[in-house]
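Please open the structure in a viewer and keep the sequence panel at hand. The tour proceeds by selections, each followed by a note on what is found there.

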Amino acid sequence: MRALKIAGAAGAAVIVIVAVLLIVGIPSGFLTSAIQDRVERETGYRLTIAGSTKIGLWPSLNVTLNDVTLEAPKDRDASNRVTVGSVQADMTLKSVWSGHPQITELVITRPVLHHPLLRERERLPAPPASPAASSDGTDANALAIDRVTIVDGTMVMFNLRDRVENRIEGINAEALIGDDRKIKVSGRARAGEHPLKFTIAATAPTPPLQRQNIPVELTLDASGLLQAPLAAKAEVRLNGSIVMINGVTGTLGDGAFNGWASVDLSSKPLVKLDLDFQRLDVATSRERATSASLGSQPWSNASIDLTGLNYVDAQLRVSAAELNIGEAHFAPVAIDTAVAAGVLKTSFSNLGVYGGQASGQLIVDVTSGSPGYAFSSDLVGVRALPLLRSAADFDKLDGKMQAKMTLRSAGNSQRLVMSNLSGTVFAVFQDGAIRGINVAAMIRSLTSGTLSGWQEGKEQITDLTQLSASFRIDKGQATTADLNMVGPLVKMTGAGTIDLAAKALAFRVEPKLVLTTEGQGRTSDPVGLGIPVVIDGPWAEPRIYPDMAGILDNPDAAYAKLKEMGKGLFGSSGGLGSVLGGSGGSGSNGSGSGSNGLADQLGSTLGNLLQQGLGQRRSQNRTLSAPASPTPDAPPAAAQNDPAPEVSQDSQPMNDVLKQLFNR
């Protein structure tokens, strides 16, 4: 009886142990060497199992490997390797007994693929040849897998010397393999801040795969990287280390495309691509903004990362019936690009741009720490308004545009690129208009005060016959000495500097009004303001005021010009006419009350301006102080509408001139 109790207790203990082993798993260290040998024999890669190996019997037969590393046997620094947290293979017991394992599911948890980024192409040793397949194209001992699941995978691409590391994280994917060799892979991942969603469908041919066409279908949704979802079909062929992709067709959003591609993966990737699009939309990170807000905001200091150009070589040709880059529109387009040793060269010719054509070249050199840029382009017959509006949200200038530019710069942010810009630009705008601004009205307004900003108005417009200027740019400072604007009612010449980095202007211009309907073609010269005008400050809202030094440099000439301006503005008899839009009558004696009132006000304003200027000149002569010309922080007195200072007897000749000029 006692022996029976002992046997019963022993049996119960065995049952408990078996149940625990079924749930927890049987330690199977003896399988490690067999698994390692099998993997290296079939793949040529060395498998290291640093953790435990277990066999479980519940809920199905399974083998679990922990802390697994797969690497090339001749890779000394183990830079190209795969590490896996755990691998679990579920299989049927029947297939194990038959000697042909059938894995129903292979779960790979936390795999990390480490891939080095190479700057130079190098010849790598060819991987060991796979064992020959049987005569019927199948391997009797090959493992059959129904499902592969990847959980929380990561791909790390790095270059230790350059201290570069890029990651694709959160890879969760599932691959289903059918009996008809159809494979479907679907999953999600994250590249930086951009989510990725992909689906791949293929039909695998019977082994060997080399030099056989594999039909592949791909869908990719990468918001932030692509403007729209991508769907494509192709025939993929493996030729050693080269992946050939032929018969490519697909859509990017609503635009169809076709072409071919190839990738050489033996070393540093070499990509060859030729695609033709019906319409290609390219996303940009710049948000839509008004021209005023763009002008008032400083250039961004956000880093522009182009180091990836060091680690891929490429030969690309992209053509499109229509290309949209953000708000910019081009049609048709043919662009050739080559990337080699960290230098990108893009060339384009006869590019359709808003009714005209553009040709040019862009070179980007990222071999050093700071990217360098070189750009040259010729524009012919381009409509200025849509081009400037789409490229820079600037909608004030319209007309046919011709331009020639050669520019160079360096920097890894917008601010640095604009600060380091150098080169030359020549531009001509013809038969157009300046929208939202009435230049003639601005010039007339300078007789009564300093202007702040461009005096914009939706209904205002300045017809433009021609506007031209040539700029020499050095360290972000664009300087011109030949600004010339001609219109039916206004003419202006000038010179100055545009501070591209600070978005500021510093110009001195000589405006002239054409005060008859004969326009620029009349026999006499246009009437000038008589005083050069200063335009300085932020280009979104500069200060515009008369230059006092222009009067004091040559008072006699200034008086003569003022007399001429008075005749033009008020007529030889003192009437306002239609130029200033006054309602007062004009008689032979200038007796209209509206005319005399406005003339008195204008004469008083100009008198104050001149008298203060002469007072400052006398003060300058006595004290050798700074010049009397106003600074941006101290506008001229006339512009501030301050009352005139007490006038000495020295200014009496000036008063006589003003009385004669304005009938006072």
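The stops below concern salt bridges first and a small set of paired strands afterwards.

**Before selecting**

The coordinates are those of a predicted model. Its salt bridges number 14, and the tour visits several of them.

**Stop 1: E174 and R147**

Select E174 and R147 and display their side chains. A salt bridge joins the two, with an N to O distance of 2.6 Å. The partners come from distant parts of the chain, 27 residues apart: E174 belongs to strand 10 (residues 164-177), and R147 belongs to strand 9 (residues 147-159). With the surface switched on, E174 is partly exposed at 30% relative accessibility, and R147 is likewise classed as partly exposed, its relative accessible area being 29%.

**Stop 2: R383 and D398**

Move next to R383 and D398, whose side chains form a salt bridge of 2.7 Å, N to O. Colour strand 25 (residues 372-383), which contains R383, and strand 26 (residues 397-410), which contains D398; the pair therefore ties together parts 15 residues apart in sequence. Is D398 buried or exposed? D398 is buried, because its relative accessible area of 7% falls under the 20% limit. R383, in contrast to this buried partner, is partly exposed, with a value of 35%.

**Stop 3: the network around R167**

Select E165, R167, E169 and R190 together. Salt bridges with shared partners connect these four residues into one network. Within the selection, focus on R167 and E169: their side chains meet in a salt bridge with an N to O distance of 3.7 Å. R167 has 39% relative accessibility and counts as partly exposed; E169, at 29%, is also partly exposed.

**Stop 4: the sheet of strands 18, 20 and 21**

Hide the side chains and switch to a cartoon view. Select strands 18, 20 and 21, which make up an open sheet of three strands in the order 18-20-21, with mixed pairing. Which strands stand at the edges? Strand 18 (280-282) and strand 21 (328-330) do; each has a single partner strand, so one side of each is left without a neighbour in the sheet. On average, neighbouring strands here are turned by 15° against each other, direction ignored.

**Stop 5: strands 18 and 20**

Finally, restrict the view to strand 18 and strand 20 (residues 323-325). The two pair in the parallel sense over three bridges. To inspect one residue pair, select V282 and I325: I325 is the bridge partner of V282 in strand 20.

Technical notes:
Residues are numbered from 1 along each chain as its sequence is written. This is a predicted model: local features need pLDDT of at least 70, side-chain atom pairs count only at pLDDT 80 or more; totals for chains, interfaces and linings use all residues. Side-chain values use heavy atoms; hydrogens and water are left out. Helices (H or I, at least four residues) and strands (E, at least two) are DSSP runs, numbered from the N terminus. Buried means under 20% relative accessible area, exposed over 50%, partly exposed in between (1.4 Å probe, protein chains only). Two strands pair if DSSP finds at least two bridges between them. Axes are lines fitted to C-alpha atoms, for helices over the stretch in contact, and angles run from 0 to 180 degrees between N-to-C directions.
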